[in-house]
Amino acid sequence: MATLQSLAFSSPVSHCLQQPRLHSGLLSWAVHRSAKSTFNGQSLHVSRPQWAPIRRCTQASRSITMMVKPKIQFIQGTDEQTIPDVRLTKSKDGTNGVAIFKFEQPSVFDSSGEFGDITGFYMIDEEGVLQSVDVNAKFVNGKPAGIEAKYIMRTSRDWDRFMRFMERYANDNGLQFIKT
């Protein structure tokens, strides 16, 4: 009859496992002995079919987060280099709002012949894409001079998502919020 005992280890390294050793179909893991533990370091033998995978000892679990630099595009795949002037309005009850972006001499005019036509207004960050098709070009003497894009937020959730994008975009591009 086997007896199981609960052991408390004080060091995060004391529960690390050595490489397994294979003895005639049995998998054996030797447990390190901690200086502060009363554990004698007896080997544990488990037959291979009953063995569940064990994560090797690590100091801390690490997750990888893909960070995407916040950017604005008018042609998908082509980042807009011009920093816009942004105006925000919000309803009194806070359920909806409008953001108006004004770009003076946007770089998309320089590259639109090479990469295609303006297809919309895309705000891209690590959470995904916010987009609008409400985009108007301004012409002076027959030449493109600016773009005005409007993004409408119909719910407080849309507003919160937009504000997270704007915070990232502002931090990356040296913008600041001024309440008027």
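## Lys102 and its partner

Let's start with Lys102, which is partly exposed at 37% relative accessible area. Keep in mind that what you have here is a predicted model. Lys102 makes a salt bridge with Glu148, and the closest N and O atoms sit 3.9 Å apart. Lys102 belongs to strand 7 (residues 97–104) and Glu148 to strand 11 (residues 143–153), so this pair ties together parts that are 46 residues apart in sequence. Glu148 is partly exposed too, with a relative accessible area of 30%.

As for the general idea, side chains of opposite charge can pair when their charged atoms come close. The structure has eight salt bridges, and a few more of them deserve a look.

## Arg168 and the charged network

Arg168 has two partners worth pointing out. With Asp125 there is a salt bridge at 2.8 Å, N to O. That one links distant parts of the chain, from Arg168 in helix 2 (residues 156–173) to Asp125 in strand 8 (residues 121–125), 43 residues apart. Is Asp125 buried or exposed? Asp125 is buried, with a relative accessible area of 3%.

The other partner is Glu127, whose side chain meets that of Arg168 in a salt bridge at 2.9 Å, N to O. Here helix 2 is linked to the loop between strand 8 and strand 9 (128–132), and the two residues are 41 places apart. Glu127 counts as partly exposed, at 36% relative accessibility. Both acids belong to a salt-bridge network made up of Asp125, Glu126, Glu127, Arg161, Arg164 and Arg168.

## The strand 8–strand 9 hairpin

Strand 8, home of Asp125, is joined to strand 9 by a hairpin through two residues. The two strands pair in the antiparallel sense, over five bridges. If you want a spot to orient yourself, find Tyr122, which stands opposite Gln131 in strand 9.

## The four-stranded sheet

Strands 7 and 11 turn up again in an open sheet of four strands, ordered 6-7-11-10 with antiparallel pairing. Its edges are strand 6 (85–90) and strand 10 (135–140), each of which pairs on one side only. On average, neighbouring strands in this sheet are turned by 15° against each other, ignoring direction.

Strand 7 and strand 11 run antiparallel and are joined by eight bridges. Ala99, for instance, stands opposite Tyr151 in strand 11. Helix 2 lies across strand 6, strand 7 and strand 11, and runs at about 155° to strand 6.

## The nonpolar core

In soluble globular proteins, nonpolar side chains tend to be buried together. In this model, the largest nonpolar core has 19 residues, and those touching the most other members are Ile72, Phe101, Phe121, Met123 and Phe162. Two or more residues each come from strand 4 (71–75), strand 7, strand 8, strand 11 and helix 2. Helix 2 is the top contributor, giving five residues.

What does Phe162 contact, leaving aside neighbours within four places in sequence? The list is Leu88, Ala99, Phe101, Met123, Leu130, Tyr151 and Met153. Ala99 and Tyr151 are the pair that stand opposite each other, with Tyr151 in strand 11.

## A proline in strand 11

Last stop: Pro144, which sits in strand 11 and is partly exposed at 32% relative accessible area. Setting aside residues up to four places away in sequence, Pro144 touches Gln105, Phe109, Lys138 and Phe139. There is also Pro106, 38 residues away along the chain, with its C-alpha atom 9.1 Å from that of Pro144.

Conventions. Residues numbered from 1 in each chain as written. Predicted model: local features only at pLDDT ≥ 70, side-chain atom pairs only at ≥ 80, totals over all residues. Heavy atoms only, no water. Salt bridge = Lys/Arg side-chain N within 4 Å of Asp/Glu carboxyl O. Buried < 20%, exposed > 50% of the residue type's maximum accessible area, 1.4 Å probe, protein only. Pairing = 2+ DSSP bridges. Core = buried A, V, L, I, M, F, W, Y, C linked by side-chain atoms within 4.5 Å. Contact = heavy atoms within 4.5 Å. Axes fitted to C-alpha atoms, helices over the stretch in contact; angles between N-to-C directions.
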